[in-house]
Amino acid sequence: MKPARFDYYDPRSLEEALELLQKHQADSKILAGGQSLMPLLNMRLARPKVIVDINRIDGLNSVKSWNGGISIGARVNQRALEREKQVAERLPILREAAQHIGHPQIRSRGTVCGSLAHADPAAELPALALALDAEFVATGPKGARTIPSDSFFVSYFTTSLEPNEILTEVRFPGSPKGMAWSFLEISRRHGDFALAGVVAGLAVDPGRRSITGARLVCFGVGPTPVRVKEAEEALIGQPAGEKSFHAAAEIVSRGVDPDNDVHASADYRRSVAGTLVRRALLQVWQKLGGK
Amino acid sequence: MATTRAIKLRVNGADYEGTAEARKTLVDFLREDLGLCGTNIGCEHGVCGACTILMNGETVRSCLMLAVQAEGAELMTVEGLAKATGELHPIQEAYREKHGLQCGFCTPGFLMTTYELLQKNPDATVDEMKEWLSGHLCRCTGYQDILESVKLAASRLRGE
Amino acid sequence: MKIEGRYLFQGTVQQVWDLLTDPRALQHCTPGCKKLEAVGNDEYRATLEIGVGPIRGSYEGKICMTEKEAPRRYKLLVEGSAAVGFVRGEGILTFQEQEGGETVIIVNGDATVGGLVAGVGQRLVEGVAKQTMGQFFKCMQGQLAAHKSGGKTEI
């Protein structure tokens, strides 16, 4: 199929883009990389009356140091996560996870901010943003506001961005001291949408025995990425190892409420989420030097 | 606002011009307006890889771009591989020798990705080759011969 | 796909029945219901705009209440089709009076989604269905509370 008719604008400035959104509100959609929007347009699953293409806007395309971590502008593509030295140095988990985002051909156009604003429940970047406590800079006609990650993702393909706002920047703070990360996902083929996935973070005391910090975010198991705090709390103070990781995995399996679909049943997703948690924790533990 | 635009594209080193609605995808524009039918359309949602071309040296899905978005960029399609004389590019030659195609529908996409891969990573390992090619679906070959073609192309381009 | 749910209402079974068979309440609470026109015999023509985020479709179809056993049970049939696909669902709504003037509605049914939206959007269908149903009943619960505080006299 081909896209339905729309009015197309490619403004040269952010102000122009915001004016267009203010005028058209929910009748308009931002086009950045297009790797999520174009399939919807091509299949006519989305039929916005107005498309605001932000690719000709000056700026919005930098990767900068921020607060020990990095800030990523709206037009930055996903390949930047694999290419930028700052990412490799400060948040290597983003680089590791980026390989799972579609394929290289998707990542050359797809943007980091676009994937976040699209909020696909099975996408990798929303889960990473939640796990890493990212901040979202939403710019509207009255200026910019910052949205914390725990209130950004609302439901399937729904964020707390207003129709007249653009996600102009996402900021990932530096990883908490001593925390290492792991990323695992299960999909039928490499590059497919995840059936279930996990971002796991772990920090242990200098003696490398007891857990001082834990982060567990699952995706593909609900309308948004899910941070399983109960499982995190169960890990704190415990000795790192099979036993505590297994216990955390059980809590996750019980705690998530995935949907059934033709690709996988809810039960399968529940089970796989738990297994991935266990494996991801073991992987991080190994990264920290444990056995 | 006008939904129809004059569109100027630079493809395989040559300048082209056409007029189309803004909603026309790049792949449709290449095929229908510019007569460059080498690039194929498979799924129209980015998963099959048949529409893959190069934009400023990076592979992209031309079915997921609007033609207007490609203005100002250097595009390369499969038509840009062989010489004007008809002499095949070493990558095409390798695919021919190793039977890396049967019906040929997916092949232009595979060739463009092979091109970018070997440009940027001439010593790519087999795992890296598989990683790069994973964004392409082939219904005919079973992929093994495609992999052999890429290995041969790599070694030829290294001058071996 | 199976559709199941349990919803608690702060009202008697008669009050809840009246609400759940009132076309104005149905139109108000069905997410995206742009039009609900009675065509007789508990049958209504409806226009529903359903979707999540940017993915929306306008479905033309009908809603019927059949097999009514006031105030305990009825069967709801929903059908709609759009350019991008179709939706067909049927469910039995059972109303059970509880102690303390509360009523539970138990929903048990089946839905089929077909066409392009079901192919490309398969991963979302169940989630969106659950969400839509949740929104519907939440709105109904609110409507009941509003009706009651609006001071309908009871015998």
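Here are two short exercises on how the domains of this predicted model touch one another.

Before you start: residues count from 1 along each chain as its sequence is written, while chains are lettered from A and ligands numbered from 1 in the order in which they are written. As the model is predicted, local features need pLDDT of at least 70 and side-chain atom pairs count only at pLDDT 80 or more, but totals for chains, interfaces and linings use all residues.

**Exercise 1.** Find the domains of chain A, then describe the side of domain 1 that touches domain 2.

*Step 1.* Chain A splits into domain 1 (7–53), domain 2 (63–172) and domain 3 (180–287); such bounds come from an automatic or database domain assignment.

*Step 2.* Over C-alpha atoms, the centres of domains 1 and 2 of chain A sit 19 Å apart. Domain 1 of chain A puts 13 residues into the contact and domain 2 of chain A puts in 19 residues (contact: C-beta atoms, placed from the backbone, within 7 Å).

*Step 3.* On the domain 1 side in chain A, helix α1 (residues 14–24) gives the most, five residues (helices are DSSP runs of H or I, at least four residues, and strands are runs of E, at least two, numbered from the N terminus).

**Exercise 2.** Do the like for chain B.

*Step 1.* Chain B has domain 1 (4–80) and domain 2 (90–157), with centres 21 Å apart over C-alpha atoms.

*Step 2.* Their contact takes 14 residues from domain 1 of chain B and 12 residues from domain 2 of chain B.

*Step 3.* On the domain 1 side in chain B, β3 (52–55) and β4 (58–61) each give two or more residues. The largest share, three residues, is from β3(B).

Terms used:
Two residues are in contact if their C-beta atoms, placed from the backbone, lie within 7 Å.
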